[in-house]
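Grab a coffee and work through these exercises with the model open beside you. Each task comes with a solution that goes step by step.

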Amino acid sequence: MCIYGRTHSSGKVSPDQLLFLSKPFSRMSHNSVNQTSSPAPKFYDAIILGASGFTGKYVVREALKFLNAPNSPLKSLALAGRSPGRLAEALKWAVGADSPRNIPLLTADTTDPDSLSRLAAQTKVILNCVGPFRLYGQAVVSACVDAGCDYIDISGEPEFMERMEALYHEKAVEKGSLVISACGFDSVPAEMGLLFHSRQWAGPSAPNRVEAYLSLESDKKIVGNFGTYESAVLGVANADKLVEFRRSRPKRARPAIPGPAPPKGSLIEHHQQLGLWALKLPSADSVVVRRTLATLTENPHGLPGVNETADDLKKREAFWSSVKPAHFGVKLGSKSLLGLFPYIMLGIFIGLLCRIALGRRLLLKYPSFFSLGGFRKEGPSEEEVASATFKMWFVGHGFSDASLASKGNKKPDTEVVTRVAGPEIGYLATPIILIQCALVVLSKRGSLPKGGVFTPGIVFGPTDLQERLQENGISFDFISKNALSA
Ligand SMILES: NC(=O)c1ccc[n+]([C@@H]2O[C@H](COP(=O)([O-])OP(=O)(O)OC[C@H]3O[C@@H](n4cnc5c(N)ncnc54)[C@H](OP(=O)(O)O)[C@@H]3O)[C@@H](O)[C@H]2O)c1
């Protein structure tokens, strides 16, 4: 059964057949089959912006699992984007064989600030899936901050995140708008994984450095969509601007970490215990984690909730007192050296070509060629997505007694290994994470900061996000603790 009513012979839906709200609180007056006799909700719990995108449609599918489910704080949801037709197609795909869902479709374009203000006025939180964020994200953050609406996104772009913090943090605090980027695979597994890892160092023991080894596994090809590739190319192309921007910013506090700073290490290593060849990965994760640790150093008990209970406060303080900061890095692992080859080639191509206009044009025109099939304009097939999984191993080296580290240049004597694992990173894990972050925002708003631009770790660390992720297929496991030979 088609929930969208009459379709054209092309199978596409015309905009006038949709439940379509272009003004806040306006009622639908179309003769769409999605029409309902009850009035359109005046206030949505959440709006997914960019729902028609490759990732967006998977986010919609994940959100529908929780919409009006027992005990779910998600009671009303709308989808937003430029094209009602594409939104309707995404909804149709997300609903699949299930019963039709009556979800309002709203028009919004990041080049039209009024359309974004209307969205922000109608909802508690916007889930932004419109990227590259360096091109489209700022207008959405600005509209949310102005309206005092909460904002979360799936950006993995450090420059965007840091600029939003510099531009909007103070106003977001004042307006009561919580702005949290990187609520996808970038960078929640790294953030929550490091917090989980650091809490395994009990008593006087403490980590010095933690290396995360990311291993992507599948019996099919592992493929990403063009949106992620484009974001990465533009990020590298603008790397100099980020360096310049960081120089212009005040220095953040650094956590006290027992022992000396770890050596830089080689670009490629073989980790015998994990059976992985590993390559340094210049992902957003380590930068986001560093920002979380800086905020924690500045606020050793974490961030007070806007309306937190005595219990929330106790829980928050207990949580942060058990977190032990460490130097952190991420590596991409593969069972064979050959498995790293496509990533090395992609790094070389992007590094060489992205700084000149013609090179960038070529990179963006032929993603599949330059990534050796790792990224496609049309994205991965559903089978490719379903067959992929990830494991992120956190290997921590530290001291059985942190006080010994300050007495001379002592070498770490203890190793702790933990692991975060889950389904395919871009289109399964990312939607799970984004939706669970949204559910925490909706259900625990009083225990979260009034407003401000923050990283996910510092906001969600003491909440039930980890338990929620575990209930939804992303595991956190303690693997081992060993004494290291001198
Ligand atoms: N954190 C993670 O691990 C993770 C995982 C997956 C993706 N991502 C990021 O998510 C972003 C999207 O990736 P994707 O592969 O889903 O890209 P995509 O398929 O190209 O989707 C982009 C979406 O943005 C919308 N859009 C583009 N310009 C717009 C504008 N001016 N106003 C309103 N909407 C606009 C598009 O709408 P139309 O349908 O109208 O074109 C589409 O819905 C990328 O930055 C990617 O890096 C991050």
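**Exercise 1.** In the loop between which strand and which helix does serine 187 lie? Then look at the peptide bond in front of serine 187.

*Solution.* Keep in mind that you're looking at a predicted model. Start with the location: serine 187 sits in the loop between strand 7 (178-180) and helix 6 (188-198). Next, check the bond that joins aspartate 186 to serine 187: it is a cis peptide bond, with omega about 0°. Worth a second look, since most peptide bonds are trans.

**Exercise 2.** Find the residue that is joined to glycine 131 by a cis peptide bond, and place that residue in the chain.

*Solution.* Step one: the partner is proline 132, and omega is about 0°. Step two: proline 132 belongs to the loop between strand 5 (123-128) and helix 4. Step three: connect this to the ligand, because Gly131 is one of the residues that come nearest to it.

**Exercise 3.** Describe the shell around the ligand: which residues come nearest, which elements contribute, and what is the chemical mix?

*Solution.* First, the shell holds 30 residues, and the nearest are Gly53, Thr55, Gly131, Gly184 and Gly227. Second, the elements that supply two or more shell residues are helix 1 (54-64), helix 4 (133-147), helix 7 (226-237) and helix 16 (425-443). Third, sort the shell by type: 18 polar, eight nonpolar and four charged.

**Exercise 4.** Why does the ligand lie between domain 1 and domain 2?

*Solution.* Look at who gives residues to the shell: both domain 1 (15-180) and domain 2 (188-426 + 464-483) do, so the ligand lies between them.

**Exercise 5.** Work out how three helix pairs pack, starting with helix 7 and helix 12.

*Solution.* Two packed helices are described by the angle between their axes and the distance between the axes.

- Helix 7 and helix 12 (residues 357-365): the axes come within 10 Å and cross at roughly 165°. Angles over 145 degrees count as roughly antiparallel, so helix 7 and helix 12 are roughly antiparallel to each other. Their crossing is right-handed.
- Helix 3 (residues 113-122) and helix 4: the axes come within 9 Å, with a crossing angle of roughly 45°. That makes helix 3 oblique to helix 4. This crossing is right-handed.
- Helix 6 and helix 9 (residues 285-298): the angle is about 50° and the axes are 9 Å apart. Helix 6 is therefore oblique to helix 9. The crossing of helix 6 and helix 9 is right-handed.

**Exercise 6.** Is the phi of asparagine 71 positive or negative, and where does asparagine 71 lie?

*Solution.* Read the angle off: phi of asparagine 71 is near 65°, a positive value. Most residues other than glycine have a negative phi. As for the place, asparagine 71 is in the loop between helix 1 and strand 3 (77-81).

**Exercise 7.** Take two annotations from the unreviewed UniProt entry and see what the model shows over each span.

*Solution.* UniProt lists residues 340-358 as "transmembrane region". In the model, residues 340-358 are 79% helix and 0% strand, with end C-alpha atoms 27 Å apart. UniProt also gives "domain: Saccharopine dehydrogenase NADP binding" for residues 47-180. Here the chain is 49% helix and 18% strand, and the end C-alpha atoms are 15 Å apart.

Technical notes:
Residues numbered from 1 in each chain as written. Predicted model: local features only at pLDDT ≥ 70, side-chain atom pairs only at ≥ 80, totals over all residues. Near = placed C-beta within 6 Å. Helix = DSSP H or I, 4+ residues; strand = E, 2+ residues; numbered from the N terminus. Nonpolar A, V, L, I, M, F, W, Y, C, P; charged D, E, K, R; others polar. Domains from an automatic or database assignment. UniProt positions renumbered as here; feature names shortened; annotations may be inferred. Axes fitted to C-alpha atoms, helices over the stretch in contact; angles between N-to-C directions. Parallel < 35°, antiparallel > 145°, perpendicular 65-115°, else oblique. Left-handed = near helix turned anticlockwise from the far one by under 90°.
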